[in-house]
Amino acid sequence: MLYPTHLAAGLVASSIVLQISHAPPQEWPGVLLLSGIACAIPDLDHHNSMASKMFPGPVSNIICKIFSKRTAMHSLAAALVLHGALEFLGFGLSETARLAVVVAFLSHPLIDCFNPEGVQLFWPIGPKISLCHCLPWPFTFRTGSRIETFIFRPAIWCLAAWALMGERLGFRI
Ligand SMILES: [Zn+2]
């Protein structure tokens, strides 16, 4: 998927955590900003991604050299590493905020499963997982396809708007 699709999914995921946890309103903007970055991070494993533009130079170059596309960086192990790093570094984030950021990160490999190429979710073991084995086209589709651009992405952005506005309008997910 392309970054705008991942951004929408990341915002949905972190908003759900913030809503369920009754996070105070002042915590939302910072967490959503970090979530917008976190949901891009898995694509540091390939050049020309938004993540590689966010973290240019040695960071993306080294990760691209070490890991194949859609393997380690798109795994549950990477989410655990991110969780551990946030716990260790703190950054003044609450437990809810850390969880919301990690869930935003996880949304990335999960929606990449709609791509026929799949992701190695259980890296370092197991094959790449794609929903194309149980969901035919148009429910699974290639990155940048018309299905992603004109149907999947707008649908997730609508969900994101609902998740973001839900707290203000008095309804919850
Ligand atoms: Zn990806």
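This is a short tutorial dialogue on reading a predicted model.

User: Let's start with the inside. Which residues of the largest nonpolar core touch the most other members?

Analyst: The general idea is that in soluble globular proteins, nonpolar side chains tend to be buried together. In this predicted model, the largest nonpolar core has 41 residues, and those touching the most other members are Val12, Ala100, Val101, Val102, Val103, Ala104 and Phe105. Two or more residues each come from helix H1 (3-20), helix H2 (28-38), helix H5 (76-89), helix H6 (95-112) and helix H7 (146-169). H6 supplies the largest share of this core, at ten residues.

User: What does Ala100 touch, leaving out residues up to four places away in sequence?

Analyst: Ala100 has Ser14, Val17, Leu18, Val31 and Ser35 as its contacts on that count.

User: Now helix packing. At what angle do the axes of H2 and H6 cross?

Analyst: Look at how close the axes come, then at the angle, then at the hand. The H2 and H6 axes come within 8 Å and cross at roughly 30 degrees. Angles under 35 degrees count as roughly parallel, so H2 is roughly parallel to H6. Their crossing is right-handed. On the H2 side the contact uses Val31, Leu34, Ser35 and Ala38, and on the H6 side Ala97, Ala100, Val101, Ala104 and Phe105.

User: And how do H1 and H2 cross, left-handed or right-handed?

Analyst: That crossing is right-handed. The axes of H1 and H2 come within 9 Å and cross at roughly 140 degrees. Roughly antiparallel needs an angle over 145, so H1 and H2 are classed as oblique to each other. From H1, the residues that meet H2 are Leu7, Gly10, Leu11, Ser14 and Leu18. Their partners in H2 are Trp28, Val31, Leu32, Ser35, Gly36 and Ala38.

User: While we're on H1, how many of its residues are buried?

Analyst: 13 of the 18 are, which leaves H1 mostly covered. For its length, compare the span with what's expected: H1 reaches 26 Å from its first C-alpha to its last, close to the 26 Å expected at 1.5 Å a residue.

User: On to the backbone. Which residue just after H1 takes a positive phi?

Analyst: Most residues other than glycine have a negative phi, and most peptide bonds are trans. His22, just after H1, has a positive phi of about 55 degrees. His22 sits in the loop between H1 and H2. Asn48 also isn't a glycine, and its phi is positive at about 70 degrees. You'll find Asn48 in the loop between H2 and helix H3 (50-54).

User: Why does Asn48 count as exposed?

Analyst: The cut-off for exposed is 12 or fewer other C-beta atoms within 10 Å. Asn48 has 9 such neighbours, so it counts as exposed. His22 is exposed too, because it has 9 other C-beta atoms within 10 Å.

User: What about the peptide bond from Trp123 to Pro124, cis or trans?

Analyst: Check omega: it's near 10 degrees there, and the bond is cis. The bond from Trp137 to Pro138 is also cis, with omega near 10 degrees. Pro124 lies in the loop between H6 and H7, and Pro138 is found in the loop between H6 and H7 as well.

User: One last residue: why is Ile63 partly exposed?

Analyst: Buried takes 20 or more C-beta neighbours within 10 Å; Ile63 has 19, so it is partly exposed. Ile63 belongs to helix H4 (residues 58-66). Leaving out residues up to four places away in sequence, Ile63 touches Leu44, Asp45 and Met73.

Conventions. Residues numbered from 1 in each chain as written. Predicted model: local features only at pLDDT ≥ 70, side-chain atom pairs only at ≥ 80, totals over all residues. Helix = DSSP H or I, 4+ residues; strand = E, 2+ residues; numbered from the N terminus. Contact = placed C-beta atoms within 7 Å. Core = buried A, V, L, I, M, F, W, Y, C linked by C-beta atoms within 7 Å. Expected span 1.5 Å × (residues − 1). Axes fitted to C-alpha atoms, helices over the stretch in contact; angles between N-to-C directions. Parallel < 35°, antiparallel > 145°, perpendicular 65-115°, else oblique. Left-handed = near helix turned anticlockwise from the far one by under 90°.
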